[in-house]
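Student: Could you walk me through one part of this structure up close? I'd like to hear about the ligand site and what sits around it.

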Amino acid sequence: MIDKTISKKNILITGGAGFIGSHVVKRFVNKYPAYHVYNLDALTYAGNLENLIEIEGKDNYTFLKGDITDENYIKTIFKKYRFDGVIHLAAESHVDRSINDPLAFAKTNILGTMILLNAFITLWKENWLGKRFYHISTDEVYGTLGETGLFGETTPYDPNSPYSASKASSDHFVRAYGETYNLPYVITNCSNNYGANQFPEKLIPLFINNIIHNKPLPVYGDGNYTRDWLYVVDHAIAIDLVFHKGIDKETYNIGGFNEWKNIDLVKLLCRQMDEKLNRKEGSSARLITYVKDRPGHDLRYAIDATKINKELGWSPSVTFEEGLSKTIDWYLANEKWLGNVTSGAYQEYYELQYK
Ligand code: NAD
Ligand code: TYD
């Protein structure tokens, strides 16, 4: 277990310029002044340093631009900064992209994770006191549910997309390193996140952006696919809790207790957007367009989050209606962020800021 009261610690957070990672980095930098947080990110299309402007100048924060698949670089930074804890979020994360380029997912999600694991065990060997490797994973490793049932921590892995297969594989390696090298790890498998700073290729931010610009809302298939949605800030709170209080070699499922069929979610989003944009009721819903289905589309995901709730006292802090409303407000108040992301201008930020 990581004891935050003991002393100064160097914490590596990978993928901290991405959607969830940026919320975790901000939380750790602001809440734990005794930690030095190193944010390692390759700044792929999904990494955006504009997500982190509010903590940029903080003394306990350092950004490292690097790729987790670059073994020499990873070895060098582990030697230099001797990270006590790793919170590993860096990944290729979009199912649709994994269908077009599966190899990129194997490289980052499997090989990249193994390179981090190797660097961590080389550094600490059997001297594990106060050390922890925290691997962030997804509920998609469990495959798909029918109309009923929930994913528990012991549900067998049954991934259906190249994305979920690569995440499942990385989870297995983390566990295997626990058994083989006694690595003190924790894994969490979380449901679909939504909130501020999500790249507008995922359902909710894509549809918010399209509604703003009166563009069609492409609903895959018949829209009767179900996801369990969690507000990203609640995920960051859960990650903080598991990092500090989770038990070594345990897995925790994290979910919103909040299942929505895609089409019902889209209709709720349309209603909230009409209201916030002062548009006539029904105008956003008119943009809904049913399009060709995603291949291998998982019917339903739903998480049983009883374990983290009972053992660590975590539960979501907002209802979906509140979280969605806050999310829309954030995108409407940050049209510059959205414009920079959709135009690609955000990728110039690193050059401007760091070179
Ligand atoms: P994201 O795509 O928004 O961010 C990923 C970040 O990783 C980006 O900043 C990117 O630049 C960085 N990255 C990618 N490849 C890299 C590499 N080779 N080296 C270093 N950095 C690299 O993803 P997200 O939605 O924030 O997801 C973060 C993690 O949480 C992932 O591991 C994902 O599998 C998991 N997860 C996501 C969700 C979700 O709904 N978004 C749900 C459950 C679990
Ligand atoms: P997504 O946000 O890509 O997350 P995931 O695939 O990890 O669940 O998609 C959420 C759901 O929305 C999923 O069932 C696919 C569907 N979807 C659409 O119907 N249209 C879209 O344009 C996108 C991006 C997703």
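Tutor: Here is a tour of the ligand site, followed by a stop at one glutamate. Keep in mind that this is a predicted model.

Let's begin with who is there. Ligand 1 has 29 residues around it, and those that come nearest are Ile 20, Asp 41, Ser 93, Tyr 163 and Lys 167. Sorted by class, the shell holds 13 nonpolar, 12 polar and four charged residues. As for secondary structure, at least two shell residues each come from helix H1 (19-31), strand S5 (132-138), helix H5 (162-181) and strand S7 (192-194). S5 is the one that gives the most, with three residues.

Now the backbone. A backbone N or O atom of Ile 20 sits 2.8 Å from an oxygen atom of ligand 1, and Phe 19 likewise has a backbone N or O atom 3.1 Å from a ligand oxygen. With Ala 42, the partner is a nitrogen atom of ligand 1, 3.1 Å from a backbone N or O atom of that residue. On its own the ligand has 840 Å² of accessible area, and the protein covers 96% of that.

On to the glutamate. Glu 201 is found in the loop between S7 and helix H6 (203-212). Its relative accessible area is 14%, so Glu 201 counts as buried, the cut-off being under 20%. Its side chain makes a polar contact of 2.7 Å with the side chain of Tyr 45, and another of 3.2 Å with that of His 94. Setting aside neighbours within four places in sequence, the residues in contact with Glu 201 are Tyr 45, His 94, Arg 97 and Leu 206.

Conventions: Residues numbered from 1 in each chain as written. Chains lettered and ligands numbered in written order. Predicted model: local features only at pLDDT ≥ 70, side-chain atom pairs only at ≥ 80, totals over all residues. Heavy atoms only, no water. Near = heavy atom within 4 Å. Polar contact = N/O pair within 3.5 Å; in protein donor to acceptor, adjacent residues only side chain to side chain. Areas by Shrake-Rupley, 256 points an atom, 1.4 Å probe, with all protein chains shown as cover. Helix = DSSP H or I, 4+ residues; strand = E, 2+ residues; numbered from the N terminus. Nonpolar A, V, L, I, M, F, W, Y, C, P; charged D, E, K, R; others polar. Buried < 20%, exposed > 50% of the residue type's maximum accessible area, 1.4 Å probe, protein only. Contact = heavy atoms within 4.5 Å.
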